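Work through the exercises below with the sequence and the 3D view open. Try each task before reading its solution.

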Amino acid sequence: METTLLVSHNDITAEKVDIIVNAANRTLLGGGGVDGAIHRVGGPDILAACKVIRQERGDLPTGQAVATTAGKLQAKYVIHTVGPIWTGKDIPAMKGLLADCYRNSLSLADNLRVESIAFPNISTGVYRFPKELAAEVAIRAIKRYLNQFSSQIKEVRFVCFDAENHEIYQKLFSQG
Ligand code: ADP
């Protein structure tokens, strides 16, 4: 099935999709940025579900993804994934971990049998991953996954919050 990739310039909590992806931290206990916004708008059920997962599994390793209720958000689920903190060292490994976030989130979304998913620009806020590089990794990881697996996802949205990321994604999309 063909999957459409889209770019939007929005607060991800306002997106009408089946799954909203959260750029969480390893504790799953909430934070600032997009994580703060998702918990604020989604309400306390999301944190309660994260705490159960944390009790069972401990910290979530970088690159991995877990799903919870979406609480009061319009989505069916929130997928929490942990992006790498940019250090400027071992860039191939950093890129691999960021690609894992997108791949593992899509795989989880496929297991949940949903049709649409929205991603924030993982790691490009307080985790300081260079935005252009992060966008290239994100788009490539998603295209690779969709080429490799038969997915029932009809729509993948890259939701850019800041203007700089939005410009970068628009440029990369116009280049094909
Ligand atoms: P990280 O720790 O992974 O860097 P941040 O939340 O600090 O996570 O930033 C990740 C990206 O999320 C940044 O590009 C930031 O502009 C964006 N962002 C912040 N708030 C929102 C929001 N409400 N909706 C969508 N994206 C957001």
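A polar contact is a pair of N or O atoms within 3.5 Å. Keep that cut-off in hand for the ligand. The model is predicted.

**Exercise 1. The ligand site**

Task: Find which residues come nearest to the ligand, and which N or O atoms lie close to the oxygen atoms of the ligand.

Solution.
- Step 1. There are 16 residues around the ligand. Val 34, Ser 123, Thr 124, Gly 125 and Asp 162 come nearest.
- Step 2. Take Thr 124. An N or O atom of its side chain is 2.7 Å from an oxygen atom of the ligand.
- Step 3. Go to Tyr 127. Here a backbone N or O atom lies 3.1 Å from a ligand oxygen. The pair falls within the 3.5 Å cut-off.
- Step 4. Turn to Asn 165. A side-chain N or O atom of Asn 165 is 3.2 Å from an oxygen atom of the ligand.
- Step 5. Now the cover. On its own, the ligand has 560 Å² of accessible area, and the protein covers 91% of it.

**Exercise 2. Positive phi**

Task: Locate Leu 28, Ser 123 and Gly 43, and give the phi of each.

Solution.
- Step 1. Recall the background. Most residues other than glycine have a negative phi.
- Step 2. Leu 28 is not a glycine, yet its phi is positive, near 65 degrees. Leu 28 sits in the loop between E2 and H1. It counts as buried because its relative accessibility is 2%.
- Step 3. Ser 123 also has a positive phi, near 75 degrees, and is a residue other than glycine. Its place is the loop between strand E5 (116-119) and helix H4 (131-148). With a relative accessible area of 5%, Ser 123 is buried. Ser 123 is also among the residues that come nearest to the ligand.
- Step 4. Gly 43 follows H1 and has a positive phi, near 85 degrees.

**Exercise 3. Helix against helix**

Task: Describe how H1 and H2 pack, and list the residues that make the contact.

Solution.
- Step 1. Set the geometry. H1 covers residues 33-42 and H2 covers residues 44-57. The axes are 6 Å apart, at an angle of about 115 degrees.
- Step 2. Name the contact residues. H1 supplies Ile 38, His 39 and Gly 42. H2 supplies Pro 44, Ile 46, Leu 47 and Cys 50.
- Step 3. Sort them by class. Five are nonpolar, two are polar and none is charged.
- Step 4. Look at the buried residues of H1. They are Asp 35, Gly 36, Ala 37, Ile 38, His 39 and Gly 42. These residues pack against E2, H2 and strand E4 (77-82).

**Exercise 4. Asn 22**

Task: Is Asn 22 buried or exposed, and which side chains make polar contacts with it?

Solution.
- Step 1. Asn 22 lies in strand E2. Its relative accessible area is 0%, so it is buried.
- Step 2. Check the neighbours beyond four places in sequence. Asn 22 touches Val 34, Asp 35, Ile 38, His 39, Val 78, Ile 79, His 80 and Thr 81.
- Step 3. Pick out the polar contacts. The side chain of Asn 22 meets that of Asp 35 at 2.7 Å. A second contact, of 3.2 Å, joins the side chains of Asn 22 and His 80.
- Step 4. Add a distant pair. Asn 22 and Ser 105 are 83 residues apart in sequence, with 9.8 Å between their C-alpha atoms.

**Exercise 5. Two loop residues**

Task: Place Gly 32 and Thr 13, and decide whether each counts as buried or exposed.

Solution.
- Step 1. Gly 32 is found in the loop between strand E2 (19-24) and H1. Its relative accessibility is 57%, so Gly 32 counts as exposed.
- Step 2. The C-alpha atoms of Gly 32 and Val 126 are separated by 8.6 Å, though the two residues are 94 residues apart along the chain.
- Step 3. Thr 13 is in the loop between strand E1 (4-9) and E2. At 9% relative accessibility, Thr 13 counts as buried.
- Step 4. The side chain of Thr 13 makes a polar contact of 2.8 Å with the side chain of Asp 11.
- Step 5. Leave aside neighbours within four places in sequence. Thr 13 is then in contact with Ile 20, Ala 37, Ile 38, Val 41, Leu 73 and Gln 74.

Notes: Residues numbered from 1 in each chain as written. Predicted model: local features only at pLDDT ≥ 70, side-chain atom pairs only at ≥ 80, totals over all residues. Heavy atoms only, no water. Axes fitted to C-alpha atoms, helices over the stretch in contact; angles between N-to-C directions. Helix = DSSP H or I, 4+ residues; strand = E, 2+ residues; numbered from the N terminus. Contact = heavy atoms within 4.5 Å. Nonpolar A, V, L, I, M, F, W, Y, C, P; charged D, E, K, R; others polar. Near = heavy atom within 4 Å. Polar contact = N/O pair within 3.5 Å; in protein donor to acceptor, adjacent residues only side chain to side chain. Areas by Shrake-Rupley, 256 points an atom, 1.4 Å probe, with all protein chains shown as cover. Buried < 20%, exposed > 50% of the residue type's maximum accessible area, 1.4 Å probe, protein only.
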